[in-house]
Amino acid sequence: MRVPLGWLKEYVDVDVTPAELREKLDMSGTKVEAVHEPAGPIEGIVVAEVLEVTPHPNADTLSLVQVTVGSGEVERVVCGAKNFAVGDRVAFARVGSRLPEMTITERKIRGEVSKGMLCSASELGISKDHSGLLVLPADAELGRDVVQVLALDDIVFELEVTPNRPDCMSIVGIAREVGALLDKELHVPKAGLTTVDIECPATVDVLDVKGCPRYLLRYIENVSVGPSPAWMAARLLAAGVRPISNVVDATNYVMIETGQPLHAFDADLVAEQAIVVRRAKEGERLKTLDGVERDLDPSDLLIADPVKPLGFAGIMGGEDSEVRPETSRLLLESATFDKVSVAFSSRRHGLRTEASARFERGSNPDAVPYAAARAARFICETAGAQTARREPDVYPHPPQRARVTLRPRRTSRLLGIDVPMDDQATRLRSIGLKVKERTERLEVEIPLFRPDLTREVDLIEEVARLLRFDRLPNTLPSGPAGGLDASAIAERTLRRILSGLGLHEIWTSSFMGREDLEKLALSEDHPAWQAVELENPMLDTETALRTTLMPALLKACAHNVAHRETDVALFEIARVYEPSDEKLPREALVLGAVFGGMRKPGDWQEPPEPWDFFGAKGVIEAAFESLGTRRPSAQPVGGMPFHPTRAAALTIGSSIAGAFGEVHPDVCARYDVPEGTLVCEISLGPVFAAVQEKVQLRELPRFPANYIDLALVVDAGVPAARVEELIWKAGAPEVTQVRIFDLYEGEQIPAGKKSLAYALELRVPDRTLTDEEAATVRDRIVLVLRERAGAELRT
Amino acid sequence: MTTASELRERFEKERAAALQRVNEATDIASLEEGRTRVLGRKSPISQARSGLKDLNDAERKDLGQLANSVSADIEEAIASKRAVFEERETKLRWERERVDVTLPGRHYEVGSIHPLTRTLWSLIDIFVGLGYSVAEGPEAELSTLNFDALNTPFEHPSRSPSDTFYVKGTDEEVCLRTQTSPVQIRVMQSKPPPIYVVAPGRTYRRDAQDATHTSQFFQMEGLAVDKGITMADLKGTLQRFARATFGEDLDVRLRPHFFPFTEPSAEMDVECFTCRGAGCRICKGEGWIEVLGCGMVDPFVLEWCGIDPETYTGFAFGMGVERIAALSHGVSDIRGFYENDLRLLRQFGGMA
C-alpha cells in the first residue's frame, strides 16, 4: 500500500518528521517497507504537447516527435514509445534538464538529432512502469514544471499491510492509525454528492447473499469520458495506479481513499439494465479487462446481466461492459463480497487486483454507500454528469456490531505490565472503537471496518501495540531444566566423529525422481521404489520423497569432482520416507556417506592412499565405536547399485542396518563419478537404540595377560569373520582379544589357500596364565578351526 | 724393601701419571680402558699399595691416607672427564636426530560440520541453557495439524497447492509441513503444561528459488506454555536469544505483526550489526534486521489442544535457520548451503 504523505495529511494532522512517523507506524504493526523520497534531482522537466509524430527514417521502432511547451517554439525529439497521440500532453525533458539517472543532452540517434527526451513514469521515479510514455492529464498547463503538476516532491510511504487489516488498505484507515499514534483527530471528508431528479433504470438481483452481503448501484448519466484532472492523476500515480479516464480514475481514487473497491459499467452495455449477482454456470466464459478469455468455475461469483457475465465479483470487470470513450451512462457498483469466495476465484484464475487484495482481507458494508456517493461526486464534477437520487441497495441482513468484553486485568496479566483500565479504554477509543467502562471490565463495540476484532485477546493486542511492545519489561519464565535427549546426543556425536575422521557434512534435497533410482539400476523389487509421491511436485526430477540418500550423495560427489575436488568424503544424516499403512508415511533417520579419490593425498613421507573398501569400513567401524555400540557385522551382498564382489550388508544383532561398498562401475558412469567410488547407507534407528546411555565400569585386570600368535592356512573362500568367530568360541573364556595382523595369498602356500595370522590376548581374572595353560588354549582353538573351517597351522 | 719415603714418592708419581693419562683419554672407551690401567688390580698404584704392609703403624696410617686420596683424585678426574664426554656424546646424538621442524606434519583431512547444522546446534544450545528440551515431529504432516490447529482456515492462500506440497493420494490431508509449528500442537496434545520446547527441523514450501528462498529449509520453533507466562517473558527470552546469537550489545525490538496462531503477534528485529542502526545495504537502509516471528499463543490454539487458556498462557516463536546462518556467516545466497561444494564446506572445518 503506497501512501503519499500529502494525501494522508488531508485527513489527519501530521506534526512529526517522516522518520518519526515511520518509526511510529513500524512499531504499531503497519511496517513501512520503503520511503520514496522525492525522486532525486528532477529539474527542468516541463509539460509539453505533441504536435506531430513521423516515422524515424532509419529505425522502424523509433519516431520523430514534434512537441511544444506553449511559447511557440517547437522542439524535435526521437522517441521509442508508441502509446501516445498528437494532442497528448507529455513530460518533456529538455536539453540541460535533469532526471534521477541522467542529465539530458542533445544527441544524434540513428542519424537524427534529438533535442531532449519524452519521459516514462519509471524515468520520473514514479513507478516501475516503463512500458510507454507517461501521458499527462489534458488540463496540465503547458510549460509547467512536471514536479509540481504530479506532486513529485511528495514523500510516499510504502506500507506492509498485514492480512488481518482490511481497514489499512486505505488512506483514511492509515490516517486513523496515524491519528491514534499522534493523538490527533481524524477528518473524514463528506461525500459531497448532489443528486438530481432523474430516474434510475437499473435493478439489482442478488442470488447469492452469502457471496454478496451488500450490493449498491448508483446510476449516472450525461457522462463525457475524458482525462481526469491533474491533481487526481498525480495522486493516483503517487499511489502506484496508472490514470486511465475520469470515470475509472474516480473509482480508483475512492478505493484508495476509503478502501472500498468500486466498478463502473457502461449502462448501455448492460442488458435490460438488470444486474444479477450469481455463481457462474458450467461452461460459461468471461473476457476480463486484461483481455484474457477465462473459463469460469461454478464457484466463481459473477456480476451478470440477464444474458451474459459482466465481471468477476470483487476482482475484475469484463471487457464487454467496459467504460469506453463514448460511454455516456454508467452503473456504478459499490458492494461487499465474501472474502473466501474472492480469494478462491482470484487464486484459481491467477488474477490479483487492487480490488481482490482488499476484499480478501474483508469488507466493510458501512463504507458501501459513502464510497459510491463520493466516486459519483467526482464523476459528476469531472465528467459533467448527473446522478439519480435513488440507489438500488440490496442489503438484506445488516450485521450486528460485535460487542466484546475486555477484562483490563487480563491485559496486564498477559502482557506482564500493569496497564490501567482508563488507559486501555483511551487507547481503544483512539482507533475508533466505542468503549463503555464498567466495573473491572470494558464493553467494547466494534465498528464494521475492524472485522478482525472479535475476541478479548484481539483487544488486548490492540492495547499492546498502541502501548508499544518496547514498553514491556524483559523477563524470563522460570522453566524446568532443559537438555538434549540420548538420541540427540548420539546424533551430534556421530556428526562430530565423522567430521573428525575427515568427512564433510552435507545437506541435500529430501526429494528424488524416478530417474535417480533408474540411474542406480535398482532391481524391480528393491524397496527404494516404494516411495511417497508428491501430488504437486515443482520439478519433474523431484516427484517423490526420497527413500535413499545414495543419489544425492553421488550427485554431491560428482559436483565436487566436476570442480576438480576429486578427493571426496562426504556424509549426510537425514530422513528417508516410505509409505505406511498409517495416514502418515514412515520417516527414518539414516546416515549416508560417499568416498572417492584419495583418502590420503600423499606427502613427503607417505605415498598417496586411495579410498577403498577397508578405508570406508574403518570409518564406519570407528563411528560405531564412538557411539559405544557394537561394531556391525558385514556379509557380502550382491545387487545394484553395488560392485558385485565389493559390497557388504551391515547387521546389528539380527537386523540389517544398512549396506556399503564400491559403487558398480555402470552406476559410477551414469552419475559421473570415478570408478571405485564408495557409498554407505545405514539406518540410525537401530544404532541409536543400541547406544548405551550410561557406561558401567568393568574392573581393570589385576594380572598380566599372555599373548600368542596363530598363523593359519584356510581355503581362500573362508571368510575371515568365520575364522575369528571360531577363535572366540573355542578360546572362551580365556581369549580376551583377537586381532588379525596378516593376510597372505601367494607362492608360499598352496593355490586356493590363504594364510591368516592372528594375535590373541589371553587372560583369566584371578591369576597369570602359565605358558602351558596358554598352549592348551591354543591347541583347543586349532582343533576346532581344523574341524570346523579346515584350517591348518602354517609351518 | 721400600721405605716410607720411597713409597710416598711412588704414590705421588703415579698420581701424576694417572691424572695425565686420564687427561689424555679421547672418549669414554679409552677413559674406561685407562681406569683399569691406573686403578685395576695390576695397576702401579695397586702394586704400590701392597708396599704398605711393610711399614710401621704410624707410617702405614699416614701413607694409607695418601693412597686413598690418590685413588679418590683419580676417580674424580675420571668422573669429570666422563661427564665432559657424555655431554659431548649427547650433543652429537641431538645433532644426529635433528629434524626440519618446518616440514609439514603428516596429512590428516579435517572434515567439517555443515554450517546449517552448526547454526541449529547453537540455537538449540541457547534454549537448552534457558531450560528448554528438543521436540521433533514428522515432515510429512497432517494438514489438520499444519493448518487447522494453527488457526489457518481452509481458504487461506498458504494452503493452496501452489504454495504447499501435498502427498499424492491423500486428498490434501497430508502435506509436507510448511513450518515447524505443528510440532507445537503435537507437544501440547501429548503432555500437559508446563511445556518448554524448541522444535528444529526441515520444512517445505513451493517457493521459487532465489537468493533468500529455497523450497526446502530449516526452521526452529519455540514454545513455552505455563501458568502466568507473559509477553514480557517472550520479550526477555528473545532478547537473550538475540544477544547470544548476534551480539551482546545490540538493540532488539518487537514490532507488532500478524500471525493466525498468535495474538498478540510480533516480528523481532535486531539492530543491524553491520551499520549499527545507521542504515546500510545489509539492512536495506532500515537499520534493523528482521529475525523471527513470535507472539502469545492464540487461545484458539490452546483450546484446540485441550489446554484451558484461562489457566495457562504461552508464547511461541519461529525462525528460519538459513536466514540466521546467512546473517551470521555473511552468506548472501542461501542456495550455497545446499550445493555441498567442498570449497565452501572446508571453510566451516575450523569452527568450534
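What covers the buried residues of helix 19 of chain A? Let us work towards that answer step by step.

This is a predicted model, in which local features need pLDDT of at least 70 and side-chain atom pairs count only at pLDDT 80 or more, while totals for chains, interfaces and linings use all residues. Residues are numbered from 1 along each chain as its sequence is written, and chains are lettered from A and ligands numbered from 1 in the order in which they are written.

Start with helix 19 of chain A, residues 720-731. Helices (H or I, at least four residues) and strands (E, at least two) are DSSP runs, numbered from the N terminus. From first C-alpha to last, the 12 residues of helix 19 of chain A reach 16 Å, close to the 16 Å expected at 1.5 Å a residue; the expected span is 1.5 Å times one less than the number of residues. Its buried residues are A:Val723, A:Ile727 and A:Gly731. They sit on the same side of helix 19 of chain A because they cover an arc of only 50° around the axis. The arc is that of the directions from the helix axis to the C-beta atoms. A residue is buried if 20 or more other C-beta atoms lie within 10 Å of its own, exposed if 12 or fewer, and partly exposed in between, with C-beta atoms placed from the backbone. On the face turned away from the buried side you will find the exposed residues A:Ala721 and A:Lys729. And the cover? It includes strand 39 (706-715), strand 40 (735-744), strand 41 (753-762) and helix 20 (771-789) of chain A.

Now move to a sheet. Strands of a sheet pair through backbone hydrogen bonds, either parallel or antiparallel. Here, three strands of chain A form an open sheet in the order 25-27-26, with antiparallel pairing; two strands pair if DSSP finds at least two bridges between them. Strand 25 (402-406) and strand 26 (434-438) of chain A are the edge strands, each pairing on one side only. Strand 26 of chain A is joined to strand 27 (residues 441-446) of chain A by five bridges. One bridge partner of note: A:Lys436 is matched by A:Glu443 in strand 27 of chain A. Strands 26 and 27 of chain A form a hairpin with two residues between them, and A:Glu440 in the turn has a positive phi of about 60°.

Beside this sheet lies another helix to explore. In helix 11 (residues 421-430) of chain A, A:Gln424, A:Arg427 and A:Leu428 are buried. These residues fall within an arc of 100° seen down the axis, so they line one face of helix 11 of chain A. They pack against strand 25, helix 10 (408-415), strand 26, strand 27 and helix 12 of chain A. After helix 11 of chain A comes A:Gly432, with a positive phi near 90°.

Next, look at a single residue, A:Gly314, in the loop between strand 20 (309-312) and strand 21 (316-317) of chain A. A:Gly314 counts as buried because it has 29 C-beta neighbours inside 10 Å. Its C-alpha is 6.4 Å from that of A:Val342, though the two are 28 residues apart in sequence.

Finally, step back to both chains. In total, 73 residues of chain B are in contact with 80 residues of chain A, where contact means that C-beta atoms, placed from the backbone, lie within 7 Å. Helix 8 (residues 231-246) of chain B gives the most to the side of chain B that touches chain A, with seven residues.

Terms used. Contact = placed C-beta atoms within 7 Å.
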